[in-house]
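Subject: Structure for you to look through

Hello,

I am handing over the structure below, and after it I set out what was found in it. Please keep it open beside this message while you read.

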Amino acid sequence: MVRRREFITLVGGAAAAWPLAARAQQPAMPVIGYLSSLTQGDSVRFDVAFRQGLSDMGYVEGQNVSIQYRWITDRYDALPAMAADLVQRQVAVILALGPPAVLVAKAATQTIPIIFVTGADPLKFGFVASFNKPGANITGIWMVTTVLAEKRLQLLHDLLPKAELIGLLINPTSPVAEPQTRDAQAAASALGVKLTVLSAVTENDFDQVFVSFAQQHADALLVSADPFFSSRREHLVALAARHAIPTLYEFREFVEAGGLVSYGTVLRDGYYKGGNYVARILKGAKPADLPVEQIDKFELVINATTAKALGLTVPDRLLALADEVIQ
């Protein structure tokens, strides 16, 4: 016969072991690899949108999902090592943000699911086989951005109809630089204006680029769509103001920082949708079965204060077309 004290000890010991056994049977928390073509500081507001997209689908960081963040510091050449590290960690899914990160992630793994959020055309860049049936291990969100060079140049021409020389700033290390340059050159030819192209690979190049534009007496500047430029928007906007060069950018965040005008998609929407797609993968969906989702709602944002400082009168037609005019 088991004595009462021994019985209580046995039951208590078994009860203490139950939570440990239960925890041992629970699946490990899935890990998301977050590979960004932006710097950490620039990515903060968009990271929030991504996590909201996850949360609305039932995944909360630190509660039932973990995120391994990888941001660039200045150049894209750090991305391959970051992607290799995420693959080695055997993350459940990789979120690749921006064309450079997408290309690197795709080259790093053919098995781990990849969700992209990119402004580059996924078909032209070979990310997917088709929009409806992506195939392989990759799908995601296409923010129609880099194909807007022609429209952006037209808007600059509408704002400055007497402009004869327009500058185009590109990052030659970006995979989207060449197609944007080609589109802008074709648009410039159709409009009867000259296009001068200058390059910036690091932030240290910016000052010389703007000096060159000023020396060439460029009438306006078009900053090509590129994550690196987006991550350095305050510096670009400040230089455009210092040299009094009317400049058009890709996202509203430039105009909120004091830039003149922007035309493009809403970046936060893409990150939110990316969170939705990552959650669907965690719930068991296959990338090959998820069609590429396009975000093709564009917004025109104008900073009236900056226009006044530049001595520009924004045509009524453009003001009427604007989704927002910042006073």
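How do the residues of the lining of the largest cavity divide into nonpolar, polar and charged? Before I come to that, please bear in mind that this is a predicted model, and that a search of the whole structure finds three cavities of 30 Å³ or more. The largest cavity has a volume of about 210 Å³, and of the 20 residues that line the largest cavity, the closest to its centre are Gly98, Gly119, Pro227, Phe251 and Leu267. As for the question, the lining of the largest cavity is made up of eleven nonpolar, seven polar and two charged residues. At least two residues of this lining are supplied by each of strand S1, strand S4 (114-118), helix H8 (227-231) and helix H11 (267-282).

The second largest cavity, with a volume of about 70 Å³, is lined by Leu155, Leu156, Leu159, Leu248, Val261, Leu300, Ile302, Val314 and Leu318. Two elements, helix H5 (149-159) and strand S12 (299-303), give two or more residues to the lining of the second largest cavity, and the largest share, three residues, comes from H5. By class, the lining of the second largest cavity holds nine nonpolar residues, with no polar and no charged ones.

Next comes the sheet. In general, strands of a sheet pair through backbone hydrogen bonds, and the pairing may be either parallel or antiparallel. Here, six strands form an open sheet in the order S2-S1-S3-S4-S5-S11, and the pairing is parallel. Strand S2 (66-72) and strand S11 (293-295) stand at the edges, and because each has a single partner strand, one side of each is left without a neighbour in the sheet. On average, neighbouring strands of this sheet are turned by 15° against each other, if direction is ignored.

At the S11 edge, you can follow the pairing residue by residue: strand S5 (residues 138-143) runs parallel to S11 and is joined to S11 by three bridges, and Trp142 has Gln294 in S11 as its bridge partner. Helix H2 (residues 40-55) packs on the sheet, where H2 touches strand S1 (31-39), S2 and strand S3 (93-97), and the direction of H2 makes about 145° with that of S1. Strand S1 therefore links the two parts of this message, since S1 lies between S2 and S3 in the order of the sheet and also supplies at least two residues of the lining of the largest cavity.

Best wishes

Technical notes: Residues numbered from 1 in each chain as written. Predicted model: local features only at pLDDT ≥ 70, side-chain atom pairs only at ≥ 80, totals over all residues. Heavy atoms only, no water. Pairing = 2+ DSSP bridges. Helix = DSSP H or I, 4+ residues; strand = E, 2+ residues; numbered from the N terminus. Axes fitted to C-alpha atoms, helices over the stretch in contact; angles between N-to-C directions. Contact = heavy atoms within 4.5 Å. 1 Å grid on protein atoms, 1.4 Å probe; cavity = no way out; pocket = protein on both sides within 12 Å on 5 of 7 lines; lining within 4 Å. Points joined across faces, edges and corners; volume = space filled by probe spheres on them. Nonpolar A, V, L, I, M, F, W, Y, C, P; charged D, E, K, R; others polar.
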